[in-house]
2 protein chains.
Amino acid sequence: MMKFKAVVEYDGTLYHGWQLQPQRPTIQGELEKVLLRLSGGLIRVHGAGRTDSGVHAVGQVAHFEMAWTASPEKLRGACNALLPKDILIRCVEPAEPKFHARHSALSKTYLYQILDRPLRSCFRRYYTWHVPFGLDVAKMNEAADHLLGCHDFAAFGAPTDGTDSTIREMLFTQWARDPGSGLLQFTITGSGFLRYMVRSLVGTLVMVGQGKISQQRFQDVLVSRNRAAAGQTAPPHGLFLAAVSYGNQAEFELDGTGPIDIR
Amino acid sequence: MMKFKAVVEYDGTLYHGWQLQPQRPTIQGELEKVLLRLSGGLIRVHGAGRTDSGVHAVGQVAHFEMAWTASPEKLRGACNALLPKDILIRCVEPAEPKFHARHSALSKTYLYQILDRPLRSCFRRYYTWHVPFGLDVAKMNEAADHLLGCHDFAAFGAPTDGTDSTIREMLFTQWARDPGSGLLQFTITGSGFLRYMVRSLVGTLVMVGQGKISQQRFQDVLVSRNRAAAGQTAPPHGLFLAAVSYGNQAEFELDGTGPIDIR
């Protein structure tokens, strides 16, 4: 048996999230189905993080153990040939025996896309949140700056495990307009995220951008630890798990020349 | 009754093309359904050109006559609120009584998108043709240059009307890499197009780019007037009706800052 690390891209539109569920299509379920076909036995796939129903990924990371004697490239090719067209293994490589997609992760980066103009778009409807009124991006960046560092994010989400802490460290936040697509993109890197946290942050920051929530109010919400104090939760289809980092160097490039196919 | 000109965007994935068909979803059918709801009577919608099943548009043009006393902006808003999310009226404006979306058109521009790399893409799967081997873009441009001017394009398509001529004039052709998306895009402007013509040209030009068809052979195919001499027909999902021109100025911008949401 050999341990493999895989970087996985998926369009989450038609799936009930990452995690295996009986009788419902999930990303983990589709991956395990393909590995079962290739190996003849059940192979458990462990993801770096669960993504919710409708959420996408360009850089989800997973590990699994498998007896495979051909090259990793052949394993990737075999998987991609069998996977549905909305799931893709971007790369697969041998991993250290100790490697664990979730436990070894140092940080995760999420990307949220907003189409902020009056007219909706046919082609971006599954990959952006359409906010048809003007947003003050400077205000949204000012508020997002307060998220940096260690905070108790209980106001913005629930721990995935009932006994878990709600303290997380945010390393990078940015609202910026993508020059290629014209979309407004929010990038956030953190040590970890609570459930619904990115969508709750985005929804609340959009209310800051609309002038519905002041800078001071946003900071009050953050320290309140009160889930009811936060603003709206942004819809899942604008959200992408962009990258998971395990070391000093970025595993996944987020600059404009990188392989993200959503811009 | 007032005549209106509308610029229509649609994701053709789920439709049986532009033209009305009984019992099948089409773009024309969906537009007429919405205008029926708004007006209470049948309003015939005339498109500049039929697009085939699975083909998209960012700049299809249509005209229709309707009794409407509010502003064109309100008409657009009402239509877009009722239309399915994969059809959008980009703009609607009053038209001259003589205006006819098809007969008044001076030229049409199509765009074809190719993802030319080994790995497929989850997010571009409905909007690009995945060609996983290297293409010689210079060769494809050299061959495409021979399409400029007036030619009998019988080798590349059938007239939509049985008695029609197969001679068309091409005004512009270009293979270029879009810097934002990295996609290989073919842009072609002509006085008119035969059925399947753009897809047949793209499929044959791709074979030139792969070295399967020489420059001389490509020119021979063009003069052959023999449909069987052409290469493969590219799949519909990479094709977009990008713009229809009625005058001296471009009605639709095709530069990087324009409103095309597919890059």
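**Notebook: a helix crossing and a buried strand**

I noted that H1(B) and H2(B) are oblique to each other, a class left for angles that are not under 35 degrees (roughly parallel), over 145 (roughly antiparallel) or 65 to 115 (roughly perpendicular). The model is predicted, with pLDDT of at least 70 required for local features and 80 or more for side-chain atom pairs, while totals for chains, interfaces and linings use all residues. Residues are numbered from 1 along each chain, chains are lettered from A and ligands numbered from 1 as written, and side-chain values use heavy atoms without hydrogens and water.

I looked up the axes of helix H1 (residues 27-39) and helix H2 (residues 72-82) of chain B: they come within 10 Å and cross at roughly 120 degrees. For contact (heavy atoms within 4.5 Å), I found B:Val34, B:Leu35, B:Arg37 and B:Leu38 of H1(B) meeting B:Leu75, B:Ala78, B:Cys79 and B:Leu82 of H2(B).

I turned next to strand S9 (residues 184-190) of chain B. Of its 7 residues, 7 are buried (under 20% relative accessible area, 1.4 Å probe, protein chains only), so the strand is largely enclosed by the rest of the structure. I recorded that S9(B) runs antiparallel to strand S5 (residues 107-115) of chain B, joined by 7 bridges; B:Thr109 has B:Thr189 as its bridge partner. Strand S8 (residues 167-177) of chain B also pairs with S9(B) in the antiparallel sense, over 7 bridges (pairing requires at least two DSSP bridges). In the hairpin of S8(B) and S9(B), I noted that B:Gly182 takes a positive phi near 80 degrees.

Key:
Axes fitted to C-alpha atoms, helices over the stretch in contact; angles between N-to-C directions. Helix = DSSP H or I, 4+ residues; strand = E, 2+ residues; numbered from the N terminus. Buried < 20%, exposed > 50% of the residue type's maximum accessible area, 1.4 Å probe, protein only.
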